[in-house]
Amino acid sequence: MKKLITMMLMMASVFFFACSEDEDKKLSPEEAKAELNSMTDDMSVKLDEMKNAEGFKAIEALNNMPDPFVETMSSGKTTIIQNIKKYTLPLFDKTKVKSIEGNFDFEYWWGTYTWDQEHQMWTVVFDDPAVTTDDKIVIIFPADEANMNNNNATITILAYEEVELSVDGYYYYEPIDIEANIVVDGIELVGIDFAANWGSQGELEMLDVEVFVLPFTFSINFNIASVSGDIDFEILYNSESLFSIGLDATFADATMEMPINIHGYIQYLSVKFDIDIDVQNITDLVAQVQANPTMYTQEQMLEMLNNEIDAVVLVNGVKAADIEMEIDALTDEPYPVFVYTDGTSEPAQPYLEEFVLSLEDFFDFMDSIYG
C-alpha cells in the first residue's frame with residue numbers, strides 16, 4: 001500500500017509528462033485558464049474549513065482524556081480510542097499501538113461511560129447481555145477541552161473488532177471492523193464505517209472506509225492482488241465531490257518493485273488531471289539510451305517519452321488542455337506546459353505550484369494529528 005500511496009502522492013506533486021489526446025469537445029483557452037485559477041482559490045478556502053471542522057476537535061478532546069477501557073489508571077491505553085482517532089481520516093502513516101490489555105474485547109465493555117469532571121473519572125453502567133439493543137458502547141464526554149464540565153458529546157460504538165498481528169516477534173492489533181458515530185449538542189458530527197483485511201506480515205490487503213465529518217465525507221477503497229493494486233480516495237463537501245485521487249498499477253511480479261503500467265487521476269471540483277504511463281516502454285527506452293547515449297537527440301527523446309505518457313486536463317469532462325513537456329532554451333531543462341485547444345501554450349508551474357502547496361499543507365495537517 002505504501003508503494004501505491006507514494007506513487008499517488010507523487011502524481012499530486014508532479015504533473016510532468018504528456019502527449020496530445022483528441023477530444024470531441026474542447027474549452028477555449030480563456031475558459032480553461034479561468035477554471036484553473038478558480039480551482040486554486042477554492043482549494044485553499046475548502047481545506048482551511050476542513051481543518052477547523054468541529055468533529056476533529058471532539059475526537060481530539062476524547063483522545064486526550066483518560067482511557068475508559070482500562071482496569072486501573074496505570075494500565076495505559078487500549079487500542080480502541082487511538083484506532084478510532086487515527087482511522088477517522090485515512091491515508092496516514094499509522095503508528096502501531098500495542099495494547100497493554102491485549103486484544104480489545106468489545107462485548108466485555110458494552111455499556112455507557114459518562115465523564116465525571118469533579119472526580120476526574122468515568123462512571124460506568126454496564127449493559128445487560130440479555131438485552132440485545134444494548135449491544136454497544138456509549139461514551140458521554142465534553143467535546144470542548146476548555147469546558148470539561150459540559151458533557152455535550154456522545155460517541156456510540158456499534159461494532160469494533162481487532163485482529164492480532166505478529167511481525168518479528170512484536171505483537172500488536174489492528175482493527176478489521178469499526179462502526180461508530182459522534183453527536184455533539186444533538187448534531188451528528190462524525191460517522192465511521194471501517195473494514196479492513198491484513199496479511200500475515202501486517203501488510204494491509206484491503207481497506208474500505210467511509211468517514212463523515214460534518215460537512216465533509218471521506219472515503220477510501222484499497223485492494224491489492226498478486227501483481228496489481230488500486231487505491232481511490234475522495235472528499236465530499238455537502239455531498240458534492242470536492243477532491244478525489246486514484247491510482248491503479250500493474251507490476252512485473254509479486255514484489256511490486258517494477259510497475260508495467262500506471263494510470264491515475266487527480267480531480268478538484270470540476271478540474272481533473274488524468275494520466276496514463278506505460279512504464280515498461282519507458283524503462284526499455286532508458287536502457288537503450290544508457291547503452292548508447294548518442295542514439296537519440298534530446299528532441300527525439302522527449303517526443304518518444306511523450307508518446308508513452310498521456311496526460312490531459314478536463315473541466316466537467318470537457319478537454320481544457322494537454323499537459324506536455326518543453327525544453328527550456330536557456331537551462332536546457334524540461335518543464336511542463338498546458339497546451340490549449342487553439343495550439344497556444346503556457347507554463348503549467350504557476351497554476352500547479354499553488355495547488356500542490358495546498359495539498360501538501362492539508363496532508364501535513366492530517367499527519368500532525370493522525371500520523
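Me: Before we start, what do the words buried, exposed and partly exposed stand for here?

Reply: Buried is under 20% relative accessible area, exposed is over 50%, and partly exposed is in between. Keep in mind that this is a predicted model.

Me: OK, so why is Asp-208 called partly exposed?

Reply: Asp-208 has a relative accessible area of 39%. Partly exposed covers values between the 20% and 50% cut-offs, so Asp-208 gets that label. You'll find Asp-208 in strand 7, residues 204-213.

Me: What makes Asp-208 part of a patch, and which residues join it?

Reply: Its partners are Glu-179, Asp-193 and Glu-210, and together they form a patch of negative charge on the surface. A patch residue needs over 30% relative accessible area and no salt bridge. Asp-208, at 39%, clears that area cut-off.

Me: How do you know that strand 5 and strand 6 pair?

Reply: Pairing takes at least two bridges. Strand 5 (residues 170-184) and strand 6 (residues 187-198) have eight, in the antiparallel sense, so they count as paired. Val-183, for one, has Glu-188 in strand 6 as its bridge partner. In their hairpin, two residues sit between the strands, and Asp-185 takes a positive phi near 55°.

Me: And what makes strand 6 and strand 7 a pair?

Reply: Nine bridges, again antiparallel, against a cut-off of at least two. Ile-192 stands opposite Val-211 in strand 7. This hairpin has five residues between the strands, with Gly-202 in the turn at a positive phi of about 85°.

Me: Why is helix 4 called mostly covered?

Reply: Eight of its eight residues (79-86) are buried, Lys-85 and Lys-86 among them. Each is therefore under 20% relative accessible area.

Notes: Residues numbered from 1 in each chain as written. Predicted model: local features only at pLDDT ≥ 70, side-chain atom pairs only at ≥ 80, totals over all residues. Heavy atoms only, no water. Patch = residues over 30% accessible without salt bridge, like charges linked within 9 Å, V, L, I, M, F, W, Y side chains within 5 Å. Areas by Shrake-Rupley, 256 points an atom, 1.4 Å probe, with all protein chains shown as cover. Salt bridge = Lys/Arg side-chain N within 4 Å of Asp/Glu carboxyl O. Lys, Arg positive; Asp, Glu negative; His and termini not counted. Charge placed at Lys NZ, Arg CZ, Asp CG, Glu CD. Helix = DSSP H or I, 4+ residues; strand = E, 2+ residues; numbered from the N terminus. Buried < 20%, exposed > 50% of the residue type's maximum accessible area, 1.4 Å probe, protein only.
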